[in-house]
Amino acid sequence: MKRHIILHPDPRLKKVAAPVADLSDELRALASDMLETMYDAPGIGLAAPQIGILSRLIVLDCVKNENEAQRPLVMFNPEVLAVSDDRSVYEEGCLSIPEQFADVERPAEVRVGWIDQNGNPQEEDFAGLWATCVQHEIDHLEGKLFIDHIKPMRRQMITRKMIKMKRDLARG
Ligand SMILES: [Zn+2]
């Protein structure tokens, strides 16, 4: 089932999400809904707070080439375990901040640990777009958006545009 994505600015996007204690069927169904919502958008990552659920759960799939197989990843309680000294810059966007993009600098490579949908601990090194995406999604669990990494002037400009967009959407 597709879920409704919350748009910035919204207090729910600024909250720290709570760790997931046990994997229930309900949580697995939620992860599958999040993947469906993400692919439908379309997007390459989605965090539970973006659909109004303050739990530490993210989904991502950064395979962009249509000839390549999809690689949906479901991460419960994801944690950045190590980061590279090397940094890289990507133009980021967010399903909660549609049509707005900005360059964000982050560590180029990260090691991430998480619990998968079967309850097994996983650990993997990510680079390139995957590294950027997983850091962006984990940020959501801390109530942090990609615009929190950019200059205040630009952040305020994007927020003003979003307020206007939400007003227009509400008018219909
Ligand atoms: Zn986002």
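This passage describes the sheet, the helix packing and the nonpolar cores of a predicted model.

The strands β1, β2, β3, β6 and β7 form an open, five-stranded sheet, in which they are arranged in the order β1-β2-β3-β6-β7 with antiparallel pairing. The edges of this sheet are occupied by β1 and by β7, the latter spanning residues 121–127, and each of these two strands pairs on one side only. From one strand to the next, the twist averages 40 degrees. Within the sheet, the antiparallel strands β3 and β6 are joined by five bridges, and E79 is found opposite G113 of β6. Helix α1 lies across β1, β2 and β3, and its direction makes an angle of about 40 degrees with β2.

The largest nonpolar core comprises 29 residues, among which M34, I58, V59, L60 and V134 have the most contacts inside the core. At least two residues of this core are supplied by each of the helices α1 (25–40) and α2 (128–141), and likewise by each of the strands β1 (45–47), β2 (57–60), β3 (73–83) and β6 (109–115). The largest share is that of α2, which contributes six residues.

The surroundings of L60 were examined further: when residues up to four places away in sequence are not counted, L60 touches I44, G45 and L73, as well as C133, V134 and E137. Another core, which lies apart from the largest one, consists of eight residues, including C94, I97, I147 and M162.

Technical notes: Residues are numbered from 1 along each chain as its sequence is written. This is a predicted model: local features need pLDDT of at least 70, side-chain atom pairs count only at pLDDT 80 or more; totals for chains, interfaces and linings use all residues. A nonpolar core is a set of buried Ala, Val, Leu, Ile, Met, Phe, Trp, Tyr and Cys residues joined through C-beta atoms within 7 Å. A residue is buried if 20 or more other C-beta atoms lie within 10 Å of its own, exposed if 12 or fewer, and partly exposed in between; C-beta atoms are placed from the backbone. Helices (H or I, at least four residues) and strands (E, at least two) are DSSP runs, numbered from the N terminus. Two residues are in contact if their C-beta atoms, placed from the backbone, lie within 7 Å. Two strands pair if DSSP finds at least two bridges between them. Axes are lines fitted to C-alpha atoms, for helices over the stretch in contact, and angles run from 0 to 180 degrees between N-to-C directions.
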